[in-house]
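Okay, thanks for making time, everyone. I'd like to walk you through one model today, going region by region. Let's put it on the screen.

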Amino acid sequence: SASACLGLWHAHLYREGRSWRQKLERALNDDRLTVHYQPIVRLSDNRICGAEALARLVDFDGTLIPPDHFIPAAETCGFIGQITRSVVRRAFTDMAAHFAADPNFYVSINVASEDILSLEFLDFLETETRSHGLSAGQVALELTERSTASEDSLTQAMAAFSRRGYRILIDDFGTGYSNLAYIARMPIAGIKIDRMFTQALDQQAIGALIVSKVCELAAGLKVDLICEGVETEDQAARLAVMYPGMCVQGFLYGRPMPAVPFSRAFAAVDRRGP
């Protein structure tokens, strides 16, 4: 019967939630959360300007569980704040040489709306930034456009981070229900174009039209623009024409990788000047 099926489904969801809770709790207790880094490159001169820190969970058997599997579970189970803090600590330590060599180098960290709404997280971030000798401008916080928090409370909370000098980026732009009036009011430093639009550049004219409109929006708002999912020289060339000041990330420049291979592939270059 329908009610029996519904009962089984609820039981399945309960078991799934409980197994994820146990898996996440054990992984965090065992320090099996690791961070990979993907380079962010400026198109105008092909220089690395930052890195996105991407959380990876190491399963019991040593395999990596990607974030799109465990992050939703972490949000549901209440572990997301702990994960964000772990990523911050790890990234600040792993990227120390790059931060020291280049005052404009930044690390981009994915945050949940509950992180932004938390004054405790802001205090934590301030403490970590200071103790690692960084400037707030070397830290970008990526907030997904699909956030469910109320617009007014989130905008006010974002302003507190922005006033302290942290850069807030809207991630996965275009994949949610874009409220342009809302975006215009937000104290954001940049927009990240989702990879689905980058891939559409090769397939149809509408893809190029959407990207060009986002470029116009970024120029109008006077914010940075970062394009994800760049995989070919042709895509990079087309984007450079559309928005010369754009930064990009994608397999063309480097896949997400652990800190040591990252530092080997993208050695810190001293740009502190005389």
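Before anything else: this is a predicted model. I'll begin on the outside, where Ile206, Leu209 and Ile210 make up a nonpolar patch on the surface, with a combined accessible area of about 230 Å². Isoleucine 210 sits in helix α10, which covers residues 205-221. Its relative accessibility comes out at 32%, so isoleucine 210 counts as partly exposed.

While we're on α10, there's a salt bridge there too. Glutamate 216 and lysine 213 pair through their side chains at 3.9 Å, N to O. Both residues belong to helix α10 and are three residues apart, about one turn of the helix. Lysine 213 has 47% relative accessibility, so this residue is partly exposed.

Now, how many salt bridges are there in the whole structure? The search turns up eleven. Let me pick out a couple more.

One of them joins aspartate 31 and arginine 90, with 3.3 Å from N to O. Aspartate 31 is in the loop between α1 and β1, whereas arginine 90 is in helix α3, so this bridge ties together parts 59 residues apart in sequence. How covered are the partners? With 55% relative accessibility, aspartate 31 is exposed, while arginine 90, at 27%, is partly exposed.

The other one is between glutamate 228 and lysine 192, again with side chains meeting at 3.3 Å, N to O. This pair also links distant parts of the chain, 36 residues apart: glutamate 228 is in the loop between β8 (224-227) and α11 (233-242), and lysine 192 is in strand β7, residues 190-193. Here both glutamate 228 and lysine 192 are buried.

Let me go back to aspartate 31 for a second, since its backbone is worth a look. As a reminder, most residues other than glycine have a negative phi. Aspartate 31 has a phi near 60°, so a positive value in a non-glycine residue. To place it exactly, the loop in question runs between α1 (2-29) and β1 (33-42).

There's another aspartate to put next to it. Aspartate 172 isn't a glycine either, and its phi is positive at about 55°. Is aspartate 172 buried or exposed? Its relative accessibility is 14%, so aspartate 172 counts as buried. It's also in a strand, β6, residues 167-173.

Okay, helices next. Take α3, residues 80-94. For those of you who like a sanity check on geometry: at 1.5 Å a residue, its 15 residues should span 21 Å, and the end C-alpha atoms are 21 Å apart, which agrees. The buried residues of α3 are Ile80, Gly81, Ile83, Thr84, Val87, Val88, Ala91 and Phe92. Looking down the axis, these buried residues fall within an arc of 160°, so they line one face of α3.

Helix α2 can be read in a similar way. Which of its residues are buried? Those are Phe70, Ala73, Ala74 and Cys77. They cover an arc of only 105° around the axis, which puts them on the same side of α2. On the other side of α2, Asp68 and Thr76 are exposed. And just past the end of α2 there's glycine 78, with a positive phi of about 85°.

From α2, which spans residues 67-77, I'd single out alanine 73. At 11% relative accessibility, alanine 73 counts as buried. Its C-alpha atom is 7.5 Å from that of arginine 21, although those two residues are 52 apart along the chain.

Last stop, the aromatics. The model has seven aromatic pairs. In one of these, phenylalanine 262 and phenylalanine 266, the ring centres are 5.2 Å apart and the planes meet at 45°, so the pair is tilted. For anyone wondering about the cut-offs, stacked needs planes under 30 degrees apart and edge-to-face needs over 60, with tilted covering the rest. Both phenylalanine 262 and phenylalanine 266 are buried. Elsewhere, ring pairs join Phe121, Phe124, Phe161 and Tyr166 into a cluster.

That's my tour. Happy to spin the model around if anyone wants another look.

Conventions: Residues numbered from 1 in each chain as written. Predicted model: local features only at pLDDT ≥ 70, side-chain atom pairs only at ≥ 80, totals over all residues. Heavy atoms only, no water. Patch = residues over 30% accessible without salt bridge, like charges linked within 9 Å, V, L, I, M, F, W, Y side chains within 5 Å. Areas by Shrake-Rupley, 256 points an atom, 1.4 Å probe, with all protein chains shown as cover. Salt bridge = Lys/Arg side-chain N within 4 Å of Asp/Glu carboxyl O. Helix = DSSP H or I, 4+ residues; strand = E, 2+ residues; numbered from the N terminus. Buried < 20%, exposed > 50% of the residue type's maximum accessible area, 1.4 Å probe, protein only. Expected span 1.5 Å × (residues − 1). Arc of directions from axis to C-beta. Phe/Tyr/Trp six-rings, centres within 6.5 Å; stacked < 30°, edge-to-face > 60°.
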